[in-house]
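Trainee: I would like to go through the reasoning behind the labels on this model. Can we take them one at a time?

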Amino acid sequence: MVESPHAAYLHLPFCRHHCGYCDYPVVAGRDELLPAFLEALEIELAWLGEPRGVDTLYLGGGTPSYLPLQALQQVVDSARHWFPLQPGHEFTLEANPADLTPKLVSRLASWGVTRVVLGVQSFQDATLKQLERDHGEEGIRRARGLLQDSGIHISLDLMFAVPGQTLPGWQEDLQKAIELAPQHISVLGLVVEQGTPFHARVEEGGLVEVDEELQGSMYVAALDQLQGAGYEHYEVSSFSQPGHRSRQNQAYWDGHGYYAAGPGATRLVNGCRQTNHRDTVTYLEKIKAGLSPVCETEQLSAEMVARERLVLGLCQMEGIQATEFLARTGYPLPELMGEYLEQYTRRGLLDWDECTLRLTREGLMVSDSLWPPLLQS
């Protein structure tokens, strides 16, 4: 039985500034492309043929809040036409704290936005400067106040393992985030991606990455402080107040399909994964010429679907129920994992009682290194 997606993502690539650590498909200082982008996005969505009702809708980027209000209104109108929101929906928009004004927040509420993800990253001036961010602690608190008054739920993104960041500074960031009482907090370890300015600076010796031991201590601090404050740790990097998990991300982690449009956007529909060109100009040129903007297509085999669900399931703290996994994928967990089940449990990285498989705290610390072998058929 084919399952229709109930989640949709739109990628809006525009930013005021392309931060040196960012590896996302974004454009900065190219606002002249905006009219062509709005037209191209509408064309790509129209290729759906008919509206597709969804439970969750997510506008990411880039910085959606950077768009002029009229342009953002056009995006929202188009998104809500092609992806009608069902009762009890979750509608999320990513925002830079410096962009939020009373007028914008009021408009977001009127559009039905239920959740805003604030790219806070840090409350420390030195860390924010290193990350090339354009806000400070005062701006974060002001944005939080506007959203709280509007009734829109708040998710804060925090970043650790930033060059020059200290453990006490990170612990202070966590405490200040807790004091703001957002419904959701994500903690993301900085990865210096190849091709970014940060990577070039590391190669030249002008930037020193945080050592693994300190990174581990920072992650443990996040676990201890956020759980101690009553936040539920439900995915490797995600914490929420009870009842406020990210439903959009939950759809990805549970292995469900999702629609997507925009430069670099990836969709999964009927077991087929497609990714659009990352370069915004190429994306625009393709659509203007009446051509598909897709640059990669992969029809997932039953085994690949099972392996991806295995890894995504282990990223969640509740782990994987063996009988449910078998019913959904047709693969028994021991058969799919092979030697790695015994190897990882013997090393204390996985907990397995033949009913449930989940990461241990030790496994959490090195989880990224566990996945590659599990994804190989």
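Trainee: What makes β4 and β5 a strand pair?

Mentor: Keep in mind that the model is predicted. Pairing takes at least two bridges. Strands β4 (residues 54-61) and β5 (residues 85-95) have 5 bridges, in the parallel sense, so they count as a pair. In one of them, Tyr 58 has Thr 92 of β5 as its partner.

Trainee: How do you know that β5 also pairs with β6?

Mentor: By the bridge count again. There are 4 bridges between β5 and β6 (residues 115-121), and at least two are needed. These strands run parallel. Glu 94 is bridged to Val 117 in β6.

Trainee: Which helix joins β4 and β5 in a β-α-β unit, and what is its hand?

Mentor: Helix α2 (residues 69-82), and the unit is right-handed. With the strands pointing away from you, the path from the first strand over the helix to the second runs clockwise, so that is the name it gets.

Trainee: Which residues of α16 are buried?

Mentor: Ser 367, Leu 370, Trp 371 and Leu 374. Each is under 20% relative accessible area.

Trainee: Why say that they line one face of α16?

Mentor: Down the axis, the buried residues of α16 fall within an arc of 105°, so they line one face. In general, an α-helix has 3.6 residues a turn, so residues three or four places apart point the same way. The cover over the buried residues of α16 includes α11, α13, α14, β17 and α15.

Trainee: What puts Leu 10 among the residues singled out in the largest nonpolar core?

Mentor: The number of other members touched. The core has 94 residues, and Leu 10, Phe 83, Leu 118, Val 187 and Leu 310 touch the most other members. Beyond four places in sequence, the contacts of Leu 10 include Leu 41, Tyr 58, Phe 83 and Ala 261.

Key: Residues are numbered from 1 along each chain as its sequence is written. This is a predicted model: local features need pLDDT of at least 70, side-chain atom pairs count only at pLDDT 80 or more; totals for chains, interfaces and linings use all residues. Side-chain values use heavy atoms; hydrogens and water are left out. Buried means under 20% relative accessible area, exposed over 50%, partly exposed in between (1.4 Å probe, protein chains only). Helices (H or I, at least four residues) and strands (E, at least two) are DSSP runs, numbered from the N terminus. The arc is that of the directions from the helix axis to the C-beta atoms. Contact means heavy atoms within 4.5 Å. A nonpolar core is a set of buried Ala, Val, Leu, Ile, Met, Phe, Trp, Tyr and Cys residues joined through side-chain atoms within 4.5 Å.
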